[in-house]
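Morning, everyone. Please bring the model up on your screens, and then we can start.

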Amino acid sequence: MSEVRDLIVIGGGPAGYTAALYAARANLQPLVIEGFSWGGQLMITSDVENYPGYPDGIMGPEMMAEFRRQAERFGTEFLTDNVTRVDFSERPFRVWVEDEEYRARSVIVATGASARWLGLDSEDRLKGRGVSACATCDGAFFRDKHIYVAGGGDSAFEEALFLTRFGYKVTLVHRRSEFRASQIMVDRARDHEKIEFKTPYVVEEVLGEDSISGLKLRNTETGESEEVEAGALFVAIGHDPNTALFVDQLDHDANGYLVAKPGTTETNVPGVFAAGDVQDHIYRQAVTAAGSGCMAALDAERFLAAEEGHAATALTAPRPEAEPTQV
Ligand code: NAP
């Protein structure tokens with residue numbers, strides 16, 4: 001039978017690696033089961049210009065490699081594989097990678113969320129080269145371009161409004177003529193001089209070799225297609241939290257996001273914590289995910305200390321205002 005570890009972190013993005021860094025420095029010797037596609041959404045982001053501490057920006061994949069290296073420096077172990085099953089019904093918690101079982105007294109779930117994509121080959125080919133799913137990350141690269149946004153929900157409207165800071169024109173393409181977004185967002189976009197609407201249309205193909213030159217759009221009512229000039233396409237058709245493995249064991253909302261007790265990362269199972277985008281559909285930034293990973297490690301550390309009977313640091317004890325060694 002496998003050894004019982006103090007902590008397993010599931011997920012290798014900003015939340016998981018930050019949790020591992022803090023936990024490793026607290027001598028919890030965490031195992032991060034980081035997934036085959038470790039690094040998360042930052043692996044499909046080019047320059048990151050809004051993560052504090054990188055005044056000249058940094059490439060998303062490079063930043064994730066640095067997060068990982070920093071966690072490794074303090075003794076984190078990594079397993080580059082996907083978790084296939086978990087059992088949180090009793091302690092120690094059990095986590096499987098195929099037939100291999102790992103056991104731990106605490107678990108941090110940091111599996112993130114994945115942007116939904118349209119599913120076009122041309123979209124895939126031009127990801128990071130004009131096709132993006134994150135206006136906050138990539139909008140600034142498309143100054144004075146004609147930017148298209150696909151989607152009809154609040155995210156699409158929010159992205160479109162944000163992108164007006166950069167593009168000379170922003171066109172929102174939506175497959176229906178009614179919008180799912182809240183009325184206030186729709187009104188705000190309708191009132192904006194830079195925003196135009198193209199409905200009911202879907203993006204059928206992204207045109208261009210090394211960067212976008214245009215889009216092929218199809219009218220969903222008439223079936224007619226047309227080509228338009230475009231400098232960027234932001235796909236904003238929703239995100240899906242990566243929670244399929246957990247939803248039968250952890251509390252979640254209607255969209256599958258894990259629910260943490262407000263102000264903490266505690267799930268409904270004591271000893272299991274949720275950090276990053278897997279429990280946050282609002283902010284979804286690398287820096288907020290990292291912050292939440294830090295919270296999860298501190299929560300896990302306190303949980304384990306309480307389990308061992310260290311009353312001074314027990315969960316029931318007041319949370320310290322600041323911990324000098326953990327700046
Ligand atoms: P959403 O509400 O699920 O909207 C997704 C949109 O994408 C819908 O308009 C949908 O079209 C369209 N869509 C889905 N799949 C598509 C496909 N394959 N091809 C073309 N279009 C497709 O997702 P969201 O906008 O990300 O919002 C998620 C949640 O977060 C919502 O509850 C939202 O209110 C909330 N949110 C709130 C704010 C805010 O309040 N500021 C900001 C962002 C998000 P149909 O309408 O035809 O289904």
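I'll go through helix packing, then the ligand site, then a few backbone details.

Two housekeeping points. This is a predicted model, so keep in mind that local features need pLDDT of at least 70 and side-chain atom pairs count only at pLDDT 80 or more, while totals for chains, interfaces and linings use all residues. Residues are numbered from 1 along each chain as its sequence is written, and side-chain values use heavy atoms, with hydrogens and water left out.

Helices first. Two packed helices are described by the angle between their axes and the distance between the axes. Helices (H or I, at least four residues) and strands (E, at least two) are DSSP runs, numbered from the N terminus. Axes are lines fitted to C-alpha atoms, for helices over the stretch in contact, and angles run from 0 to 180 degrees between N-to-C directions.

Start with H1, residues 14-25. What does H1 do with H7, residues 286-307? Their axes come within 7 Å and cross at roughly 35°. The crossing is right-handed (the near helix is turned clockwise from the far one by less than a right angle; anticlockwise is left-handed). Contact means heavy atoms within 4.5 Å. On the H1 side we have Pro 14, Ala 15, Thr 18, Ala 19, Tyr 22 and Ala 23. H7 brings Ala 286, Ala 289, Ala 290, Gly 293, Cys 294, Ala 297 and Leu 298. That contact has 11 nonpolar, 2 polar and no charged residues. On classes: Ala, Val, Leu, Ile, Met, Phe, Trp, Tyr, Cys and Pro count as nonpolar, Asp, Glu, Lys and Arg as charged, and the others, Gly among them, as polar.

H1 also packs with H2, residues 60-73: the axes come within 8 Å and cross at roughly 20°. H1 and H2 are therefore roughly parallel (angles under 35 degrees). This crossing is left-handed. H1 uses Pro 14, Tyr 17, Thr 18, Ala 20, Leu 21 and Ala 24, against Met 64, Phe 67, Arg 68, Gln 70 and Ala 71 of H2. By class, that is 8 nonpolar, 2 polar and 1 charged.

Third pair: H5 (154-163) and H6 (183-190), at about 30° with axes 10 Å apart. They are therefore roughly parallel too. The crossing is left-handed. Asp 154, Phe 157, Glu 158 and Leu 161 of H5 touch Met 185, Val 186, Arg 188 and Ala 189 of H6. Here the split is 5 nonpolar, no polar and 3 charged.

Now the ligand. Which residues are around the ligand? With a heavy atom within 4 Å as the cut-off, the list is Leu 118, Gly 152, Gly 153, Asp 154, Ser 155, Glu 158, His 174, Arg 175, Arg 176, Arg 180, Ile 237 and Gly 238. Asp 154 and Glu 158 you have just met in the H5 contact. Next, some N or O pairs within 3.5 Å. A side-chain N or O atom of Arg 180 sits 2.6 Å from a ligand oxygen. For a polar side-chain atom of Arg 176, the distance to a ligand oxygen is 2.7 Å. Gly 153 puts a polar backbone atom 3.3 Å from a ligand oxygen.

Last, the backbone. Arg 91 and Pro 92 are joined by a cis peptide bond, omega about 0°. Pro 92 is in the loop between S6 (85-87) and S7 (93-97). Thr 199 and Pro 200 are also joined by a cis bond, omega about -10°. Pro 200 lies in the loop between S13 (195-198) and S14 (201-207). Finally, Gln 29 is not a glycine, yet phi is positive, near 45°. Gln 29 is in the loop between H1 and S2 (31-33).

Definitions and conventions
Angles under 35 degrees count as roughly parallel, over 145 as roughly antiparallel, 65 to 115 as roughly perpendicular and the rest as oblique. A polar contact is a pair of N or O atoms within 3.5 Å; within protein, one must be able to donate a hydrogen and the other to accept it, and residues adjacent in sequence count only if both atoms are side-chain atoms.
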